[in-house]
Structure formats: structure tokens, C-alpha cells
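Subject: The model we talked about, plus some notes

Hi,

Here is the structure I promised to pass on. Have a look at it first, then read my notes underneath.

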Amino acid sequence: MRSTPPSSRRWDGSLVHVRARRSLRVSHDSASRLLRCGQSDRCRDCGNRIEWYHRTNERPIRLHPHELPAERVPATCQWHVSCGVAHPAGDGSGWCRLPHAMLCPARHAHPAAVPELAVLRRALAVNTRRLIDSGAFAPPSTPPTTEASPMATCRPARPVVQLLYIRYLASRPVDEIQCVAQTRRRHRCTSPLLTSETQAGVWTLVPVATRHGQLSLPGAVLAVYALTGLPYAEQLRWRAQRCPEHAAIPTAADVAVTEWEPFDPLIHHEHIHTRLPTLTRRQGSAGRGRKATQL
């Protein structure tokens, strides 16, 4: 009597031996370099590699590119990725993800950081120094001192931009917003969105409007770089984050995700500026009540 060979499938039709999962990768001969999630990038403050993900509220977050043992990370700092979306909690496994802000050597150490994470933070600091010494990374320039520049311009590092009647929080100053299109040499375009040939927006003070269900902020104003006066096609170019040259080439692929983040006055309250950046004031004159002079 011959025995029946074991089946490679269970009673429900699923495979007994599941193949190992592989991370998503873009083919080397692909015309596009953009993934839906896990878009790799480098931190502009320290130069180390990061991965961009979106949360359930569509807000982006920068995660460390490698998983860490969950027992070494505080429960309040654990993240996991499911179906391309980042969630601020553990998934029950022995591994978790960690926000890059907790490890970035260019920032102050996070209060919830444990000694096990200090070793990884020092390793990233050493890698930052190696990138700077080799010329592969240039840290952001520091603001001028009072003695070097007696006049200081109120220039927000992350301005609020209004286009198509929606307010977004930019990741960098308006004149430094870079095109996300891919060049013919498969590199990111280095051209800015705002050039001397394109129409510029207007800085204006508007009331701080909250979303439905949130408490209002009475008497609060906000400096906004308004693009609503530009033509509709020009506003679409800004939202797509493309330079004028690549805006005319719709077949050009994107090599990076757009850096627009929906502005929420309660979440991004530290980025609310009540003074127009077109105003210049002397250092130390604010306390004496001197009037600012316009450029």
C-alpha cells in the first residue's frame, strides 16, 4: 500500500512554504525612480539616509532606513509600516522602525532616547563627519551673527505657501524649493521653481484659519506666500514641484516625492510667522520699539 505524498498546500489552498518577502526596488532600466512608499533620500541636516513614508493623515514622516529590535526602543517611539503607511505603534513583532529625528546628530538628543540608541546616534554622527570631509555633503549654512550683519531679514525656513486656495507647509525657503523631475542622466533636476523668468507670488498677512472641529485662534495672523494670483497652469506647476523646463515635458518621470505638507495651524504652530519676510529690522531694535523698514 503506497502512502499519499504530502501536499504543498494547506486545506485552504495557501502554500505551506511561503517565499521570503523582498522589499520593493526599482529596476535599473526603469524610466521612473519614484516608489509609492519608502522613497529613499538624505537628511538635509546630517546627510544620512532616510526613507519617506506617509501617515494615515497623509502627513509625511522620515524613518530610519533599517529596522531595530523593539526591546531597545521605547514603546512610545516605535513605528511600523503596513501597506505602505507608517503607524506610530508597534506591530507586535520583535522589530520596529524609528523616526530619524530621534537619531539625527544635527539635533539635540531626544528626551526619550535610551543608551542603546546613543551608539547608533554616534555612528550617524561619524558618518556625517565622513561625508563632510569627503565633500559629499555640505551642512546648511548657519545664520549670520549680529556683528557680521547688522540687518536681519525675517525669512522663514519653512514658509506657508497658498496655491489653488489650499495652504501647504514647504520644507525649505521659497527660493530653494527644488524640482523633483528626473534629468536625462537619471539625476534629480537642480533647478528651482522660482526663477527670474517666472512669475513670483506675493507675501501677505492673512487670518489663521482652523479646520472643521478645531478651536479657532482669535486675532492670530499668518504670513503666507500666496500664489493664487498666478494663472491656473502656473499653480499646477508649483503643486507638481517642477521647473518651467520639466513642466513642459509631462513624460519626464519624478525622481523624488513632492515636499508639500498640508498646513495645520495647531500641529505646525511653531512655523506661524506674524511678520512679513519683506520687512527688514535692525538687530536689538525690536525691544526699543523701532519701526522696521521695508526693502
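Below is what I found, going from the overall picture to single residues.

First, some ground rules. This is a predicted model, so local features need a pLDDT of at least 70 and side-chain atom pairs count only at pLDDT 80 or more, while totals for chains, interfaces and linings use all residues. Residues are numbered from 1 along each chain as its sequence is written, and side-chain values use heavy atoms, with hydrogens and water left out.

**How far to trust it**

pLDDT is the predictor's confidence in each residue, from 0 to 100. The chain averages 78, and 72% of the residues score at least 70. Two stretches stay under 50: residues 143-152, with 13 contacts beyond four places in sequence, and residues 280-295, with 27 such contacts. (Contact means heavy atoms within 4.5 Å.) Where pLDDT is low, the predicted coordinates should not be read in detail.

**The overall picture**

The chain has three helices and 15 strands. Both are DSSP runs numbered from the N terminus: helices are H or I with at least four residues, strands are E with at least two. Of the 295 residues, 34% are buried. Buried means under 20% relative accessible area, exposed means over 50%, and partly exposed is in between, using a 1.4 Å probe and protein chains only. The accessible surface comes to about 19300 Å², and 54% of that belongs to carbon and sulfur atoms; the areas come from the Shrake-Rupley method with a 1.4 Å probe, and for residues only the protein chains shown count as cover. Among contacts with a separation of 6 or more, 57% are between residues 24 or more positions apart.

**A sheet to look for**

Try finding the open sheet of five strands, in the order β11-β12-β9-β10-β13, with mixed pairing. β11 (202-207) and β13 (261-262) stand at the edges with a single partner strand each, so one side of each has no neighbour in the sheet. Two strands pair if DSSP finds at least two bridges between them. β9 (residues 160-163) and β10 (residues 166-169) are antiparallel, with four bridges, and Q162 stands opposite R167 in β10.

The loop between β9 and β10 holds L164 and Y165. L164 has a positive phi of about 55° although it is not a glycine, and Y165 has one of about 60°, again without being a glycine. Are they buried or exposed? L164 counts as buried at 17% relative accessibility, whereas Y165 counts as exposed at 69%.

**The cores**

A nonpolar core is a set of buried Ala, Val, Leu, Ile, Met, Phe, Trp, Tyr and Cys residues joined through side-chain atoms within 4.5 Å. In soluble globular proteins, nonpolar side chains tend to be buried together. The largest core here has 13 residues, and V161, L163, I177, Y225, L227, W238 and W260 touch the most other members. Apart from that one lies another core of 10 residues, including L68, A70, V73 and C96. Back in the largest core, the contacts of L227 beyond four places in sequence are V161, Q162, L163, G201, Q235 and W238.

**Salt bridges**

A salt bridge is a side-chain nitrogen of Lys or Arg within 4 Å of a carboxyl oxygen of Asp or Glu. How many are there by this rule? The count comes to eight.

- R44 and E176 have their closest N and O atoms 3.6 Å apart. R44 is in the loop between β1 (39-42) and β2 (49-54) and E176 in the loop between β10 and β11, so the pair ties together parts 132 residues apart in sequence.
- E259 and R172 come to 3.3 Å. E259 is in the loop between α3 and β13 and R172 in the loop between β10 and β11, so this pair ties together parts 87 residues apart in sequence. Both E259 and R172 are buried, and they are linked with R188 in a network of salt bridges.
- R237 and E234 come to 2.6 Å. They are three residues apart in helix α2 (residues 232-240), about one helical turn.

**One last residue**

H246 sits in helix α3 (residues 244-247) and is buried, at 8% relative accessible area. Leaving aside neighbours within four places in sequence, H246 contacts C179, A181, Q182, T183, C189 and A252.

Happy browsing!
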